[in-house]
Amino acid sequence: MAERARSAVVWFRRDLRVGDQPTFLAAADAADRALALFVLDPALTGPSGGARLTFLYRALRSLDAALGGRLMVVRGDPADVVPRVAAAVDAASVHVAADFGPYGRRRDEAVEKALVDAGRALVRTGSPYAVAPGRVRKADGEPFRVFTPFRRAWLEHGWRAPADTSAGTVDWLDPDGGSSAVPVPDDERVPAELPEASEAAALRQWEAFLSDAVDRYGDDRNRPDVEGTSRMSVYLKYGLVHPRTLLADVARKRGESSEVYRSELAWRDFYADVLFHRPDSARQNYDKAFDALPLASGGDAVAAFDRWREGRTGFPIVDAGMRQLREQAWMHNRARMITASFLVKDLHLPWWWGARHFMALLVDGDLASNQHGWQWTAGTGTDAAPYFRVFNPITQGQRFDPDGDYVRRFVPELRGVAGKAVHTPWELPDGPPEGYPEPIVDHEAERQEALQRYERVKAAR
Ligand code: FAD
């Protein structure tokens, strides 16, 4: 057994919780005491968007309280900060949950090198996923490109039981507030209503879902007009809860709905795995044949993009989704698919324009799930959605928001229109209510146009 050191560092990143924390167990094994550290890295806080920054600051404040005020927050480049802090407390090791994103991997390699040069170690224990990216592979060792076989292999691979930890698992060092520590910044002011950013709130929300909505999840998850999903995405994003905990609880429930829920968590791991193997797919078509797809450009394209961003396309379900995004910094999954499809297939705009806008506003914005959610909808990604499947924004609205409640909630101009007529306001005897636009495109014509453009991709294959 390795000799115990006097001190270690626990460097928090996307795991802002004290429960189910294998890094705590590793640090407590390795050293008598540990310093809790978070680095405000401008490379990440810069592009974060107001909602995520606000949520992060609140979550840090809550973590600090859980650790008895002993979270040290330092601003700067982790490759400088982490070795410096480790040296200041003479830590033999720095403990993290592994990061598999393109930036996180590069950052951790740079930090590791600097630590090793100074005779210290970076110890990775666990990750933000049930199964770490890169682990689940085909029999020939290649990564999966298709979700269903991935999910099968993922289930076979399995995951650890939640770790039994609390703030008291580690004897925390008092940070020296002097030279480098900074207070957690004040909240950014964002116009959106954000969920409470604490581990306790995450667990409360989860318990509420588990005791009720999970049984209807299989049916309700597609309905933006009902509270039918778990709202766990932001808590998973910042690690206020680990998917292991959710999977363990869901396994105790029987029934098809809990199976469906497990599959959704498999999608999260799948996209992280896809991005791990193809970091270029964060910015470029996963399927390179789509580089030949003709896209809209110029002033008209920008004007159409602005209408989409503002939620003024004249298609009520699209506009409701875009306005929910602004109001709540979150959008229902069905609405994400409908609005994304509209941008790509009705407006013929590049998916990455839409993905960037989502990342700027979403509180749960996650590079792997967002970019690949977009590529799935655009048909440029892994296999699931062929390009020629085009969402019809009218029938999608009628089917998944049958009474029109979702639209009326987010589009005030349409509040006076009863029932499902709200999905076709241009058919009202006097046309759309004042202030609400006519549709900016003819959906059927643009669907045909999208299919023709796709022929160019087929020809280029
Ligand atoms: P639930 O339905 O309760 O699902 C439970 C959990 O399963 C989610 O929290 C999430 O972690 C995971 N999950 C569910 N669906 C998916 C999916 N399609 N892909 C990956 N994981 C999934 N999810 C994000 O977390 N961040 C994003 O930035 C993001 N961007 C998206 C962009 C587009 C265009 C699309 C189509 C989907 C995107 N998703 C993203 C996936 C999905 O919309 C959200 O995870 C979901 O709406 C979050 O709400 P929930 O927690 O109530 O979901």
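**A tour from strand S1 to the ligand**

Seven bridges tie strand S1 to strand S2 (residues 31–40), and the two run parallel. Keep in mind as you click around that this is a predicted model.

Start by selecting residues 5–12, which make up S1. Six of these eight residues are buried, so the strand is largely enclosed by the rest of the structure. Now add S2 and show side chains: phenylalanine 12 stands opposite phenylalanine 38 of S2. To see how the chain gets from S1 to S2, select helix H1 (residues 22–30); the path goes through this helix, and the β-α-β crossover is right-handed.

Next, which strand does S1 join through three bridges? Select residues 93–96: this is strand S4, and it runs parallel to S1. Look for valine 10, which stands opposite histidine 95 in S4.

Move on to helix H3, residues 50–66. From first C-alpha to last, its 17 residues reach 24 Å, close to the 24 Å expected at 1.5 Å a residue. Of those 17 residues, 13 are buried, so H3 too is largely enclosed by the rest of the structure. Just beyond the helix, pick glycine 68, which follows H3 and has a positive phi, near 70°.

Finish at the ligand. Which of the 27 residues around the ligand come nearest? Select Thr229, Ser230, Asn333, Asn370 and Gly373. Then colour helices H9 (233–237), H11 (256–277), H14 (333–346) and H16 (367–378), each of which supplies at least two residues of the shell. Coloured by class, the shell shows 10 nonpolar, nine polar and eight charged residues.

Terms used:
Residues are numbered from 1 along each chain as its sequence is written. This is a predicted model: local features need pLDDT of at least 70, side-chain atom pairs count only at pLDDT 80 or more; totals for chains, interfaces and linings use all residues. A residue is buried if 20 or more other C-beta atoms lie within 10 Å of its own, exposed if 12 or fewer, and partly exposed in between; C-beta atoms are placed from the backbone. Helices (H or I, at least four residues) and strands (E, at least two) are DSSP runs, numbered from the N terminus. Two strands pair if DSSP finds at least two bridges between them. A crossover is right-handed if, with the strands pointing away from the viewer, the path from the first strand over the helix to the second runs clockwise. A residue is near a molecule or strand if its C-beta atom, placed from the backbone, lies within 6 Å of it. Ala, Val, Leu, Ile, Met, Phe, Trp, Tyr, Cys and Pro count as nonpolar, Asp, Glu, Lys and Arg as charged, and the others, Gly among them, as polar. The expected span of a helix is 1.5 Å times one less than its number of residues.
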